[in-house]
Amino acid sequence: MTSVGGRQPKGGWLDRPLDDSNRPRKRELALAIRSLCRILKAENSDKSGNRPPSQAEVAKRLHSNATSLSRFLSPHHPRVPNPRFLEDLHKAASADAAASGQEVGLSLAALQALRASADGEKRGCKGCIELGGRIDSLTQQLSAPCPACTAYQQEQEEDAAQLAALKGEVTTLRAAVRAMQTVEDDLRVSLATAKASRTLLPVPHRQRDRQQSKKDVAVARQLAAQARDLDSAGKQDAALTILRQGTTELLSPAETALVIVELRQQERDHLADNLIHVYGRDQEDRHVMAVALKLHEEGAADDAGSVLRAALR
């Protein structure tokens with residue numbers, strides 16, 4: 001719906017300016033009556049070009065007369081109408097507004113309250129009227145929102161939003177930690193099971209070496225695959241953690257060398273470089289030498305030299 005606006009031509013019976021000497025509440029009531037009268041339509045308005053109704057037509061529709069209506073809208077000392085007149089006016093204006101897709105903009109209760117206020121005003125002295133005006137002004141100021149209170153409320157809302165965001169981040173981080181711990185636990189179990197189940201078959205020496213090599217490759221590929229998946233998921237720290245723990249606690253030097261080779265084949269060079277540096281720095285010389293020898297046998301001479309250099313630093 002659109003808000004109502006004046007449809008009366010300038011100079012009409014609803015556009016006579018109100019005298020400034022009128023008392024505030026009576027003036028406000030007169031303006032409200034004028035606003036509602038402007039919504040009313042003339043009889044057979046479709047045939048007459050949607051012309052505004054005359055004062056006599058409005059008075060007749062409201063079960064009043066033109067003289068009384070004129071007194072209610074007097075520019076100088078408008079009189080206060082009875083409650084029934086305002087009820088009929090509001091009902092008629094509401095019906096015409098609804099038909100035009102408009103809004104009255106003033107409830108009947110508010111209109112009657114305004115009438116009661118204006119009716120009480122006419123019995124006061126000039127000093128009471130002035131005091132009433134000051135009270136109205138102060139009431140409006142009290143009703144207006146306090147800037148300081150509004151700013152404080154906004155700060156409280158912003159703080160609450162930031163707290164909620166932080167709680168969400170904490171929940172996400174905790175879930176990530178739990179997921180990382182689960183991955184590490186699964187890897188420990190898998191590697192321990194694989195290591196415990198590696199038994200050499202009762203075959204000649206050459207066949208046993210081949211069987212052992214297959215086991216080494218399988219374990220190395222499993223660890224490298226776990227690290228690759230974590231690294232692809234953006235969890236590089238978790239990938240490095242399982243590489244360091246797996247190679248130092250569960251894998252043999254030969255298997256560790258194969259993990260480095262596997263990481264190179266997967267183009268995870270940053271993981272391989274980090275593993276070489278940590279292993280060469282932290283492990284015993286005999287383990288480092290064994291890793292370097294296996295890397296050399298696998299054709300990774302550069303990595304063999306790197307792990308030896310890391311041990312010397």
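Colleague: Which residue forms a salt bridge with R221?

Modeller: The model is a predicted one, in which local features need pLDDT of at least 70 and side-chain atom pairs count only at pLDDT 80 or more, while totals for chains, interfaces and linings use all residues. Residues are numbered from 1 along each chain as its sequence is written, and side-chain values use heavy atoms, with hydrogens and water left out. In a salt bridge, a side-chain nitrogen of Lys or Arg lies within 4 Å of a carboxyl oxygen of Asp or Glu. For R221 the closest N and O atoms of the pair are 3.7 Å apart, and the partner is E262.

Colleague: How many residues apart in sequence are the parts that this pair, E262 and R221, ties together?

Modeller: Here we look at where each partner sits, taking a helix as a DSSP run of H or I with at least four residues, numbered from the N terminus. E262 belongs to helix α10 (residues 253-265), whereas R221 belongs to helix α8, so the salt bridge ties together parts whose separation in sequence is 41 residues.
The residue separation is therefore 41.

Colleague: Is E262 buried or exposed?

Modeller: The classes rest on relative accessible area, where buried means under 20%, exposed over 50% and partly exposed in between, with a 1.4 Å probe and protein chains only. R221, its partner, has 48% relative accessibility and so counts as partly exposed. E262 has a relative accessible area of 14%, which means that E262 is buried.

Colleague: Which residue meets R268 in a salt bridge?

Modeller: The N to O distance of this salt bridge is 2.7 Å, and the partner of R268 is D231. R268 lies in the loop between α10 and α11 and its partner in helix α8, so the pair ties together parts that are 37 residues apart in sequence. Both side chains belong to buried residues, and the residue asked for is D231.

Colleague: What is the relative accessibility of D231?

Modeller: D231 is placed in helix α8 (residues 205-232). Not counting residues up to four places away in sequence, D231 touches Q236, A239, R268, H270 and L271, where contact means heavy atoms within 4.5 Å. D231 counts as buried because its relative accessibility is 12%.

Colleague: How many salt bridges does a search of the whole structure find, and which residue meets R61 in one of them?

Modeller: The search of the whole structure finds twelve salt bridges. In one that spans 2.7 Å from N to O, the side chain of R61 meets that of D96. The partner lies in helix α4 (residues 83-99) and R61 in helix α2 (residues 55-61), so the pair ties together parts that are 35 residues apart in sequence. R61 is partly exposed at a relative accessible area of 34%, whereas the partner is buried at 10%; the count is twelve, and the partner is D96.

Colleague: Within what arc do the buried residues of α5 fall?

Modeller: Helix α5 has L111, L114, R115, A118, D119 and E121 as buried residues. Seen down the axis of α5, they line one face of the helix, because the arc within which they fall is 155 degrees. That arc is taken from the directions from the helix axis to the C-beta atoms, and its value for α5 is 155 degrees.

Methods: Helices (H or I, at least four residues) and strands (E, at least two) are DSSP runs, numbered from the N terminus.
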